[in-house]
Structures are given as structure tokens and as C-alpha cells.
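Dear colleague,

I am passing on to you the structure we talked about, so that you have the sequence and the coordinates to hand while you read my notes. Please open it alongside this message.

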Amino acid sequence: MSLRAIRTELGLKMTQPVSDESMATLGAQLGLHGIDRRKFMQYSATITAMLALPPAFAPQVAAALTAVDKPTLVWLNFQDCAGNSEALLRARDPDVATIILDLLSVDYMEVVMTASGHQAEAAKDAAVARGGHIVVVEGSIPLKDDGIYCAIGGKSAVQIIGEATKGAAAVLAIGTCATYGGLPAAKPNPTGAVGVEGLVNGVPVINIPTCPANADNITAVIAHYLTFKTLPPVDDIGRPLFAFGDRIHDNCPRRGHFDAGQFALEFGDEGHREGWCLYKLGCKGPSTFANCPSQQYNGHTNWPIGVGAPCVGCSEPDFWDTMTPIYDRLPRIAGMDASLTADRVGTLAVTALATGLVVHGASKISSHKRAAAGHAAKQTQE
Ligand code: SF4
Ligand code: F3S
């Protein structure tokens, strides 16, 4: 079943009905989408830019995506809220995500598939037996008490992962639960929940966190894999650098207010209404690495900070334990001078203007950006 068929079944808007046979390659689909070559090259350029590749790679991406055979996807749900499935299935139509995802043959996805019970298990087994498939994991995996807290078809999540990843080409852990355990792993972690990476042998795994994972990031990883037959470069906790290499604080449109010492102090106060910095309302943007400011959510409509909600740091491991309470500010600003607090920022901004220094210059971190502060939230607690 293609994503297109699934979305049609859900009653989501599609451009026009097509048969699976007619969608064997992306090239065959372009006309059906009403997309001409020029438009497709624009899409390819968009993906290339997202992957932080030089523009010269765009033709290579376009050529690879046009010719690629329909890859099989086996989508496993464990301890999760299905928010990642929701985010992906509701990727705006028509857009890059739709075009790339329609290329996939989704042979097993519990959340939406028509088959159930033995039929569903048989579909999964058949897809795995063919090999070369992509396994997507959503949700954390319980290890405690022999994994009894999440079992499907009489098998524990650990068993299912072991079987489903045999012969797979790649594993995509999507959402913060599948990557780092997420909310189920928050202390006291009653089920012994973990992310998928340590449970897979011999198959490359990539972590695509945030809660939910951004459909654009999932799409770009798949596009990279289909184009180059490898997963994109990752940081030291397995996240693609193109999406998680930059700190939210460094790309936030409210950064000017931070540097000027202009903070919202209460929800609905004048500063909040004026779009000032949310640091004092608990924003964890200074400790969080993700491309939320540029990609945003819901078809690039908006993102947490854009609607006036502080970032809760959902792209970082253990954020439920290390970045809460959600609306409490960090004791100090990660990646900056240890003595720098939000109360001192305004003063420093004035001094910086007078001396020609720029406050945020002090916070610049190198290309391994998140390695230096990936666990900055923990530092802030110390
Ligand atoms: Fe943006 Fe949050 Fe940084 Fe303020 S603290 S500039 S709202 S990321
Ligand atoms: Fe999560 Fe913060 Fe982005 S809360 S979705 S990492 S803005």
C-alpha cells in the first residue's frame, strides 16, 4: 500500500487517484501529480538545500529520485502516541514530502493498514523476507520484565525488531521515544524503555527525534538514502547533522530580543504579545539542536516558539528529566559564559553595543555544535 493509498483511505486530500502499478518510479508519478520537470527540479533543489548539500547536487538528487524503484517500508509502532504517523500522513499535499513518500510501498503500518491479526503479520513477514526494506520505528521499546509491556502478535517489541530488521537496508528511529526513550523513559521509567539504536545489529540506524519528528526531516533522510544509497552524516547521538547541527537559539527570530534583554515574563503580558524572547518563560532553545526555526511544522505554518510557546527541548535525550519543569527557565544559559544569566543579558547587550562586541558572538559554537552542548541541559542542572 502506498502512502497515497493510505491517505486516500483516511480521507485526506489527494491530487488524483492513481494505481500502485503506475507509481513504480517517481518519474512515472510526476505527470500524475501534475508536476512538470521544472517544478520537480525545484523540489529537488529544496531537498538538496535541506540536506545542506551544495546546489550542484540538485540534478543528481533529481536523477536518482526519478529512476529509483519503489522501496518497501515496514513501519513498527511500540510505546508511543502515534504522533509521528499523524505528522507524516498529514504532510501537506502536494509537496516534497508527499512526492517522496508516495514513492514508498508501505507494506506494514499498524496505525492505518486494513489487514489485522495474522493477515497483518503475514504482510510484514513477506516484506521482510524480500529484504532490502527500510524499517521505521516509532515509540520506545520496553526491556523490563522480558519486554512484557509491549507485545504484538505474542512477540515482544525486542523480538519484533530483531526479526523485522533482518536483511533491512536501514532503520529510521523517528520521534524522541524511538530515538532516546522519550516520555516512557522518564524517571522512574517503569517499563525500562529505551530507543531502538542499541537493539539493532548490522543495519545502519539513524535517529530523527523531536516530538513529533518533522515530516520534512524524515523525507530528506529517505531522499538522501535513495540518492546516495547511504544515510546522511550524523552527530554523536545519531542525528542527521543537516537537521540537528544548529542550535535553535542561534536561528530563533526572537534572538534579537534576547540579546537586547527583552523578555516576556508572563503569558499574555506586553512582552509576550510583542513577540519578545521566551527564555524567562522556560524556553530551552539555548540547549536544543534542531531545524525547527527553518522547517517549522504543519506545512511550514508555524512552530512552538512562533506561536509563543517556549521550546521544551524535545529533540534532546532525556528532555523530560533534564529540561523540566517546562515553564521554568534554565539556571544559566548553555554554551555561554557560566556566569551569564538571563538577568545579565540586557546589561551585557548595552555594554556590547558600546564596545562593539556582540553578545551572541560569545555563544558561537563550532561545527560539532551539538556535541558541545547536546547534553547542555544536564550541565545546566549541575
Ligand atoms: Fe528564541 Fe528561546 Fe533563544 Fe529566546 S531563549 S531567543 S525564544 S530560542
Ligand atoms: Fe521540540 Fe523545541 Fe522544536 S519543543 S519541536 S525542539 S522548537
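What follows is an account of the two ligand sites and then of the salt bridges.

Please keep in mind throughout that this is a predicted model, and that the values below were computed from it.

I begin with ligand 1, whose space is the largest cavity. The elements that contribute two or more residues to the shell around this ligand are helix H12, covering 248-251, and helix H13, covering 255-259. There are 13 residues around ligand 1, and those that come nearest are His 249, Cys 252, Cys 277, Leu 278 and Cys 283. Sorted by class, the shell around ligand 1 consists of 9 nonpolar, 2 polar and 2 charged residues.

Around ligand 2, the surrounding residues are Ile 248, Thr 288, Cys 292, Tyr 297, Trp 303, Pro 304, Cys 311, Val 312, Gly 313 and Cys 314. In this shell 8 residues are nonpolar and 2 are polar, while no charged residues are found.

Turning to the salt bridges, the count comes to 8, and a few of them may be worth looking at individually. One is formed by Asp 107 and Arg 130, where the closest N and O atoms are 2.4 Å apart. This pair links distant parts of the chain, since Asp 107 belongs to strand E2 (residues 105-109) and Arg 130 to helix H7 (residues 117-130), with their positions 23 residues apart in numbering. Asp 107 counts as buried because its relative accessibility is 18%, which is under the 20% cut-off, whereas Arg 130, with a relative accessible area of 54%, is exposed.

Helix H7 also holds both Lys 124 and Glu 121, which lie 3 residues apart, or about one turn of the helix. Their side chains meet in a salt bridge with an N to O distance of 3.0 Å. Both partners are buried, Lys 124 at 4% relative accessibility and Glu 121 with a relative accessible area of 16%.

A further salt bridge brings together the side chains of Arg 239 and Asp 235, at 2.9 Å from N to O. Here Arg 239 counts as buried at 0% relative accessibility, and Asp 235 counts as buried at 10%. In addition, salt bridges with shared partners join Arg 247, Asp 250, Arg 255 and Asp 259 into one network.

With best regards

How values were computed
Residues numbered from 1 in each chain as written. Chains lettered and ligands numbered in written order. Predicted model: local features only at pLDDT ≥ 70, side-chain atom pairs only at ≥ 80, totals over all residues. Heavy atoms only, no water. Near = heavy atom within 4 Å. 1 Å grid on protein atoms, 1.4 Å probe; cavity = no way out; pocket = protein on both sides within 12 Å on 5 of 7 lines; lining within 4 Å. Sits in = over half its atoms within 2 Å of the grid points. Helix = DSSP H or I, 4+ residues; strand = E, 2+ residues; numbered from the N terminus. Nonpolar A, V, L, I, M, F, W, Y, C, P; charged D, E, K, R; others polar. Salt bridge = Lys/Arg side-chain N within 4 Å of Asp/Glu carboxyl O. Buried < 20%, exposed > 50% of the residue type's maximum accessible area, 1.4 Å probe, protein only.
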